[in-house]
Amino acid sequence: MTSNPPAGPAVCKRPGCGNALPGQDRGRTRQFCSDECARRYHNDARIPAPAAPPAADSTADPLAALEAVIRQATVLTRAAREQAASLDPARVRAQIAEAEAARRRAEAAAVTAEARAAETQAETQALAEALDTARQDARAAQADADIARLQAGTAQAALEQARRDAAAQITAAQAETAGQVTAAQAEAARCARERDDATETAQRADAEIARARQAEADARAETGRVRADAARERDTLREQHQAQLGAVAALTAAERSRAERAEAQLEAERADRRHLTSALAAPASPANGAEHGNGKLPRAADGKGDQP
């Protein structure tokens with residue numbers, strides 16, 4: 001049966017303490033405010049066990065037995081006094097309330113324990129299943145390990161064979177490499193000779209290039225001089241041509257002037273000739289006819305008109 005815990009704050013179980021219990025989130029419910037109260041409570045509740053009575057056939061000293069009985073009586077008397085002191089009504093009611101609270105806590109703890117037991121049982125079953133699976137996996141792993149050992153043996157044999165083959169190949173490769181090294185050395189010597197020949201050829205080519213550059217520089221200088229001479233001659237010829245053109249232009253202008261003057265004189269002579277011709281041709285024409293040569297009309301004689 002489960003009952004609700006009291007509504008008030010829980011206090012320490014040790015009589016006379018009265019301190020509130022510290023709060024907690026998980027675990028078993030606390031009954032004491034501190035470890036010191038728990039130790040003092042258990043020390044107070046501990047009752048010394050009575051000494052065993054001597055055996056009937058014991059040959060111990062009666063005085064020693066009496067002393068032991070006296071000590072036991074002293075202890076029992078002290079325990080009785082403590083129990084009598086603990087029978088105080090207020091204290092008894094407090095202990096009853098604490099016992100009731102402890103019972104309720106115990107019931108709640110029992111329910112929690114049952115739930116935890118069910119959870120533990122489920123976990124145990126799951127662990128058992130996991131253990132079976134692990135065992136099956138272990139057997140499979142053992143079989144795989146056996147197969148792996150067989151494969152490792154095969155691989156070891158193959159490795160040994162590969163090592164022997166590799167040793168043979170290395171020997172052949174070393175022999176081939178030695179031959180290649182010898183050929184490479186000979187080739188290097190030939191390359192060195194060719195390099196020396198190429199160096200000498202390059203030196204000769206450098207000398208030829210230097211001479212060619214010098215010849216090119218000389219040719220450029222000569223070309224510059226020829227160009228300068230040609231420029232001077234061109235300038236001289238241009239000046240001469242300009243002078244000749246000026247002279248021809250002057251002569252042409254003079255000839256044009258003379259031709260214009262001759263043409264004007266010729267026109268004057270032609271006009272005079274036409275005038276003379278007109279004057280010579282005027283008497284031969286009729287008296288009453290118009291003067292066509294000079295374009296003038298005949299005048300009437302004596303201021304009179306023409307007779308019919």
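This report walks through a predicted model of one protein chain, from its overall fold to its salt bridges and its core.

**Overall picture**

The protein chain has three helices and zero strands. Read from the N terminus, the order of elements is α-α-α. Helix α2 covers residues 62–86. Helix α3 covers residues 89–281.

How much of the chain counts as buried? Of its 308 residues, 5% do. The accessible surface of the protein chain is about 25300 Å². Carbon and sulfur atoms account for 57% of that surface. Now take the contacts between residues at least 6 apart in sequence. Of these, 33% join residues at least 24 apart.

**Confidence**

The mean pLDDT of the protein chain is 78. A score of at least 70 is reached by 78% of the residues. Which elements mark the two ends of the confidence range? Helix α2 has the lowest mean pLDDT, 73, and α3 has the highest, 86.

Two stretches score below these helices' means. Over residues 1–7 the pLDDT is below 50. Beyond near neighbours in sequence, this stretch has eight contacts in the model. Over residues 287–308 the pLDDT also stays under 50. Here the model has eleven contacts beyond four places in sequence. Where pLDDT is low, the predicted coordinates should not be read in detail.

**Salt bridges in helix α3**

The structure holds 14 salt bridges. Side chains of opposite charge can pair when their charged atoms come close. The table lists three of the bridges, with the N to O distance for each.

| Pair | N to O distance |
|---|---|
| Glu-160 and Arg-163 | 3.5 Å |
| Glu-194 and Arg-190 | 2.3 Å |
| Arg-220 and Glu-216 | 2.6 Å |

How far apart in sequence are the partners Glu-160 and Arg-163? They are three residues apart in helix α3, about one turn of the helix. Glu-160 has 30% relative accessibility, so Glu-160 counts as partly exposed.

Glu-194 and Arg-190 are four residues apart in helix α3, so about one helical turn separates them. Glu-194 is partly exposed, at 41% relative accessibility. Arg-190 is partly exposed too, with a relative accessible area of 32%.

Arg-220 and Glu-216 also lie in helix α3, four residues apart. That is again about one turn of the helix. Is Arg-220 buried or exposed? Arg-220 counts as exposed because its relative accessibility is 58%, and the cut-off for exposed is over 50%. Its partner Glu-216 has 38% relative accessibility and counts as partly exposed.

Some bridges share partners. Such shared salt bridges join Glu-187, Arg-190 and Glu-194 into one network.

**The nonpolar core**

In soluble globular proteins, nonpolar side chains tend to be buried together. Which residues make up the largest nonpolar core here? There are seven: Cys-12, Cys-17, Leu-21, Phe-32, Cys-33, Cys-37 and Ala-38.

Look at Phe-32, one of these core residues. Leave aside residues up to four places away in sequence. Phe-32 then touches Cys-12, Leu-21, Cys-37 and Ala-38, among others. Its other contacts include Lys-13, Arg-14 and Pro-22. Tyr-41 and His-42 are also touched by Phe-32.

Key
Residues numbered from 1 in each chain as written. Predicted model: local features only at pLDDT ≥ 70, side-chain atom pairs only at ≥ 80, totals over all residues. Heavy atoms only, no water. Buried < 20%, exposed > 50% of the residue type's maximum accessible area, 1.4 Å probe, protein only. Contact = heavy atoms within 4.5 Å. Areas by Shrake-Rupley, 256 points an atom, 1.4 Å probe, with all protein chains shown as cover. Salt bridge = Lys/Arg side-chain N within 4 Å of Asp/Glu carboxyl O. pLDDT = per-residue confidence, 0-100. Core = buried A, V, L, I, M, F, W, Y, C linked by side-chain atoms within 4.5 Å.
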